[in-house]
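User: I have a structure open and would like to go through it with you, strands to begin with and then charges and surface. Could you take my questions as they come?

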Amino acid sequence: MRLALFQPAIPQNVGACIRLSACFGVELHVIEPTGFGFDDRAMKRAALDYGPLSHLVRHADWDAFLRDRGPGRLVLFTTKGATPLQEFAFREDDVLLFGSEPTGAPDHVHAAADARVAIPIRPGARSLNLAVSAGIALWEGLRGA
């Protein structure tokens with residue numbers, strides 16, 4: 001199982017996902033461009049010393065990610081018309097993909113996904129933080145695969 005972030009804009013979220021991937025032993029794929037530099041102090045502070053352990057893979061763009069991501073389904077986490085998390089059956093080689101914080105995933109990313117999954121939240125709530133969503137999804141994915 002792998003995590004993938006589509007054009008993330010907030011360095012602290014990427015730092016938190018670096019820690020998440022290190023703690024659970026999964027690769028983290030970052031699809032550029034990002035809204036920050038990888039030498040950004042906020043990202044380094046959030047990642048602490050987990051960076052070297054996390055198997056971070058950077059992709060220059062969406063096409064490079066599609067070409068190099070390896071086998072497995074592309075499972076997009078989205079708030080738009082998707083299977084509820086508790087009803088989705090994960091596989092060991094799934095790639096759990098999350099859209100950019102301010103805009104989500106564009107239509108071409110939705111179209112490329114093999115599955116779309118939503119984390120249920122209470123009515124009226126807009127969305128969860130990216131890193132929180134990634135942690136929930138990864139735990140459920142690893143537990144259920």
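User: Which residue stands opposite Leu-97 in strand 6?
Analyst: This is a predicted model, and in it Leu-76 is the residue that stands opposite Leu-97 of strand 6. The pairing behind this is between strand 4, residues 74-77, and strand 6, which run in the parallel sense and are joined over four bridges.

User: And what about strand 1, how many bridges join that to strand 6?
Analyst: Four bridges join strand 1, residues 2-6, to strand 6, and these two strands run parallel. Within this pairing, Leu-5 stands opposite Phe-98 of strand 6.

User: Are the faces of strand 6 covered or open?
Analyst: Both faces of strand 6, residues 95-98, are covered, since Val-95 and Leu-97 on one side are buried and Leu-96 and Phe-98 on the other side are buried as well. The split into two sides fits a general pattern, because side chains in a regular strand alternate between the two faces of the sheet.

User: Back to Phe-98 for a second: which residue in helix 5 touches Phe-98, and what else does that residue touch?
Analyst: That is Ser-133, which has its place in helix 5 and touches Phe-98, Ile-119 and Leu-128, leaving aside residues up to four places away in sequence. Ser-133 has a relative accessible area of 11%, so this serine counts as buried.

User: OK, charges now. How many salt bridges are there?
Analyst: The count comes to four salt bridges. One of them is formed by Arg-73 and Asp-94, whose closest N and O atoms are 2.8 Å apart. This pair links distant parts of the chain, with Arg-73 in the loop between helix 3 (62-68) and strand 4 and Asp-94 in the loop between strand 5 (83-84) and strand 6, 21 residues apart.

User: Are Arg-73 and Asp-94 buried or exposed?
Analyst: Arg-73 and Asp-94 are both buried.

User: What does Asp-68 pair with?
Analyst: Asp-68 forms a salt bridge with Arg-67, and the closest N and O atoms of that pair are 3.2 Å apart. Arg-67 is exposed, because its relative accessible area is 61%, whereas Asp-68 counts as partly exposed because its relative accessibility is 45%.

User: Which side chains in helix 5 meet in a salt bridge?
Analyst: The side chains of Glu-140 and Arg-143 do, with an N to O distance of 2.9 Å. They are three residues apart in helix 5, which means that about one helical turn separates them. Glu-140 is partly exposed at 21% relative accessibility, while Arg-143 is exposed at 54%.

User: Switching topic, how many disulfides are there?
Analyst: The count of disulfides comes to zero. As for individual cysteines, Cys-17 is buried, with a relative accessible area of 0%, whereas Cys-23 is exposed, with a relative accessibility of 53%.

User: Last thing, which residues make the nonpolar surface patch?
Analyst: The nonpolar patch is made by Ile-121, Leu-128, Val-132 and Ile-136, and covers about 270 Å² of the surface. Ile-136 lies in helix 5, residues 130-144, and is partly exposed, with a relative accessible area of 31%.

User: Why does Ile-136 qualify for the patch at 31%?
Analyst: Patch residues need over 30% relative accessible area and no salt bridge, so Ile-136, at 31%, is on the qualifying side of the area cut-off.

Terms used:
Residues numbered from 1 in each chain as written. Predicted model: local features only at pLDDT ≥ 70, side-chain atom pairs only at ≥ 80, totals over all residues. Heavy atoms only, no water. Patch = residues over 30% accessible without salt bridge, like charges linked within 9 Å, V, L, I, M, F, W, Y side chains within 5 Å. Areas by Shrake-Rupley, 256 points an atom, 1.4 Å probe, with all protein chains shown as cover. Buried < 20%, exposed > 50% of the residue type's maximum accessible area, 1.4 Å probe, protein only. Pairing = 2+ DSSP bridges. Disulfide = S-S within 2.5 Å. Contact = heavy atoms within 4.5 Å.
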